[in-house]
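Good morning, colleagues. I would like to take a few minutes to go through one structure with you, beginning with its cysteines and then turning to its strands and backbone.

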Amino acid sequence: MPSGTELARPFLPSGDFRTSRQVSELRLSIVIGCLTLLTVSQHFTLACSASDDEFVWATSLIADRCAGCHGDENPAGKLKLTGLDQSSIAALRADDLWKMFKAVDAAHMPPETEEPLSVADQQRFSSVLSEAFRAAAAEMKTPDVGAHRLTRLQYNNAVRDLFLLDRDIFELPEKLMVRHDDSLRRGLEKGEFPAEVRVTSNTLRPRPGLSGVQPFPRDLPAEHGFDNQADKLTLSPLLLESFLRLSVSIVESPDFNSQSVGIWNEFFAPPDEKTGHRAAIEGRLKKFLRRAFRSTVDDGTVSRYADHAEKVIAKSGSFESGMKQVASAILCSPRFLFLFTSNSDDEKSFSRATQLSFFLWNSIPDEMLLDLAESRALESPEVLAQTVDRMMADPKIERFLDAFPAQWLRLENLFAATPDAAKSPYYLFDEDHPASSQMVLEPLVLFDSLFAENRPVRELVDAPFAYRSDFLQSWYQTDLSPSRQLIDQITKENADRRDRQMQLKASIDQTSQQLNDLLKTAREEKQATPDASTQDAVVDLQPYAVWEFDGDLSDRMGRLPLASHGDVVFEDGAIVLKESFLQSGVVGVDLKSKTFEVWCELPVLEQRGGGLMSLQGPDTTFDAIVMGERRPNEWISGSNNFQRTTDFDQAVPETMPGVPLHLAMVYRPNGTVQLYRNGESYGKPYQRPGILFPGDQSFVLFGLRHLPAGGNRFLNVRISKARLFDRALTTEEVRLSFEGRSRDYSEDELTALLGPEQKQKADELRKTLTVSRQTLASAEKPLDDGAMQAEIRRRHDQQLRAALHSDVFRRQRRTDSRYGGVITNAAVLTMTSGRSRTQPIARGAWIIDVIFNDPPPPPPNDVPPLNEESLANVPIREQFAIHRSNASCAGCHSRIDPLGFALENYDITGRWRNTYESGARIDAGGVLFRRESFQNAEEFQTALLKDERRFSRALAAHLFRYALARELSPSDHVRIEAMVPAAATEPTRLRSLVRSVALHAFAR
């Protein structure tokens, strides 16, 4: 393994590292004076060989600006800058030098409470410090990565590639995006990402893997968000047992068969009879083991596995079983489960190939990569570059994009967000598909597109376009209320329904009038015929429905037959109801003016609230003849919540049970309600606003006040006859009916009196009426204002839900500078918010960690949290100003707070707002790096990218850490600085940066 100096020197700017011991010690003593704070360097590579005068100047600067806080008594940060001796100088580490350099370079030192260095002094001081750091780093050896096991995603991919399996082996919720088309392949081939892609997030509903296979527990992300860090991937006895069970369950799964396994015929299928089992087994195992163990395999190892396979075959009589068991044994071998680095010349090239493969493919090397490793051709820079190019063009590069962007951006945290439903009702309005399932896709598709097109890294922050679904477009650009277009559409539909209904009703009225005119002569003839018993003339009141209860529940008019519910008894031409009721179908005609008429007897008077005859409409709206609900033994006209009910003044309570009664409740057009008892007015009538009972939603009840049945709504009653009128009877008509001087002539009876031509005409009119009424009953009804608003909301929610379920994301040119890139998207802004309010500190910490690769230290244990209740009326900036008054908090918060407050215009789910709920205007202004001032989020992003190399270096450092699966060493930082120099004339491009990381991280 080359030394740190050999590895770093080819990528460093020219400089004289062969300085005297005295100058080296002076450089180190200067660096002690810098505090350990966090941000990426801008001027690191500007420093070449600094002169001795520069170090003397720096020493003077420390004495002048730093000694006050870092003196002999209680030095700040426990860092004493006076009386330095040789032992303290020798104890300094390059890691500390790097952190100290960054603190000065990012203007965090001197602290916020003191006058900052001038730009010239800051750059000069940074240059001196960078020289000292490079000198220290050049003497250090690059650390090796310790042996560590595979992550779940790596294990899944390795098994899939090993067996050429056509599906995942278990659920992978950590895979945040699933691509449903070949957009990535086309984008890589053409250098132009498609304008429309199909993607979903199955994290909350992971796709199943092989039947019967259970995954081992998920790996928690390390400090920097990546789950592949070697020092975290240990193997406990319990986890080892899980791997043993897992390896068996994979090959024994019913889904693991010749249709799903691509190497089935060449590995599991019995060999030709001419070929001996032993030779076939060893030949198959040698190739298989080489891929599984990512290295050459000696004959002894092949022989031991072959022996095991032969024993199983001999015992079971099945070649397939033997090969399955040996495959299972290989899957739980440490050489498959663990990634190793080796200092052996023979194994070093395989280690490099394996690291490279797990960086770019998250899986094992393919045969071509293993051949290059075995021949040690990968040690050639040219071959390594060609190999990296081949691997990045392979479809398996999708697996790098499955893992790195989501972990870098910490996007899995989004699925733990639970915004207050009162503040964001549409976030969880579909529990199976929360808004997060679409939000998470936007930054991931953006990363895919920038990678495929090799666009500048700066566009991760300030992208000129976005890929969004219709749902996300609505989320950002509308207030999520129904559109004017939808409102107008439903308003027109409702008007059309009303017109159609009016036309049908007019046609029915006209046809009914024609039929009545045709039957008029027959009716007059009937009415003119004296009653046989009284010799008095009779009147036809033309009821809408007549029920005579003579052994059945039919309607004499043929319109509204009844159905019984509960036990009913027919007795002497009447029906007895007790804890039971009768119900009609829908009445088929709108009723506002109406009359209920009933001949009945009450066996018991003490009944409270039972209904004799009712008309019930939508939403339990009803009008009814009700006994004793307000005053004992008195009749009232019941209605829902007494809305149209009052007592009949001067009404006389019933006093005798079992007395025959004739009751007629009349509802007049002006809202007057009057009850007649045995032909006489029952108390005084009263007036209340009447309502329309729609014919298609209203039905008649007997023996029940209203549905649902139960409680005191039943009436114990004996009913001998009842009639329903679609008009209000006059007092005279009620009297005639009570006196028995009315008759109910059905249309059939009257038609029988007509001549042949008139009968035919009547039949045609009745058929027309039947069709028209059926059409009216089935036609969509117009909505009232409340129902129409509900329909608008329902249709709007339906549209949003359909958009939420869509997998189509389209490329859209960025026209709103408030949104775009990986910082100002709903996913990041939501996951860095609290349940009910934004959290500027969480957002600022995310930016400083993810964007600048400078995570802040954990807060001190002795700092009390903000008392949010006592500060409820204090503006949020002032709340955190109070928090910063604690000296332990001030240092970090002076860096974090401006970054978080820059995003305060975005609410808890990433939607723009100009004011807080209190009405106070939002102040999103601040200063970045104590140099670049901004007033809002747009200016903040502009300020951030004025030094885009800082962001590029930070991203490169994240990539390096992910590639190497360990913390970065000083020599790593030197290589990163060489990859992204400060004086570059061309923008750093994303795919090129990944390529450069692969080349620098795994160079010889």
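The structure holds zero disulfides. A disulfide is a covalent bond between the sulfur atoms of two cysteines. Please keep in mind that this is a predicted model. Two cysteines may be mentioned here. C332 has a relative accessible area of 18%, so with the limit for burial set at under 20%, C332 counts as buried. C600 is buried as well, with a relative accessible area of 3%.

Let me now describe the chain as a whole. Its secondary structure amounts to 34 helices and 25 strands. The protein chain has 1004 residues, of which 54% count as buried. About 44000 Å² is exposed, and carbon and sulfur atoms supply 49% of that area. If we take the contacts between residues at least 6 apart in sequence, 73% of them join residues at least 24 apart.

I turn next to one sheet. How many strands does this open sheet have, and in what order do they stand? There are six, in the order β8-β11-β20-β13-β14-β15, and the pairing is antiparallel. The edges are taken by β8, residues 562-565, and β15, residues 635-639; each has a single partner strand, so one side of each is left without a neighbour in the sheet. On average, neighbouring strands of this sheet are turned by 20° against each other, direction ignored.

Within the sheet, consider β13, residues 610-616, and β14, residues 622-627. These two strands run antiparallel and are joined by six bridges. One of the residues involved is G610, whose bridge partner in β14 is M627.

The loop between β13 and β14 contains T620. This residue has a positive phi of about 60°, although it is not a glycine. Most residues other than glycine have a negative phi, and most peptide bonds are trans. Is T620 buried or exposed? The answer lies in between: at 37% relative accessibility, T620 counts as partly exposed.

F549 also has a positive phi, of about 50°, and is not a glycine. F549 is found in the loop between β7, residues 545-547, and β8. With a relative accessible area of 1%, F549 is buried.

Finally, a peptide bond. From L707 to P708 the bond is cis, with omega near 5°. P708 has its place in the loop between β20, residues 699-702, and β21, residues 717-725. Thank you for your attention.

Methods:
Residues numbered from 1 in each chain as written. Predicted model: local features only at pLDDT ≥ 70, side-chain atom pairs only at ≥ 80, totals over all residues. Heavy atoms only, no water. Pairing = 2+ DSSP bridges. Helix = DSSP H or I, 4+ residues; strand = E, 2+ residues; numbered from the N terminus. Axes fitted to C-alpha atoms, helices over the stretch in contact; angles between N-to-C directions. Buried < 20%, exposed > 50% of the residue type's maximum accessible area, 1.4 Å probe, protein only. Contact = heavy atoms within 4.5 Å. Areas by Shrake-Rupley, 256 points an atom, 1.4 Å probe, with all protein chains shown as cover. Disulfide = S-S within 2.5 Å.
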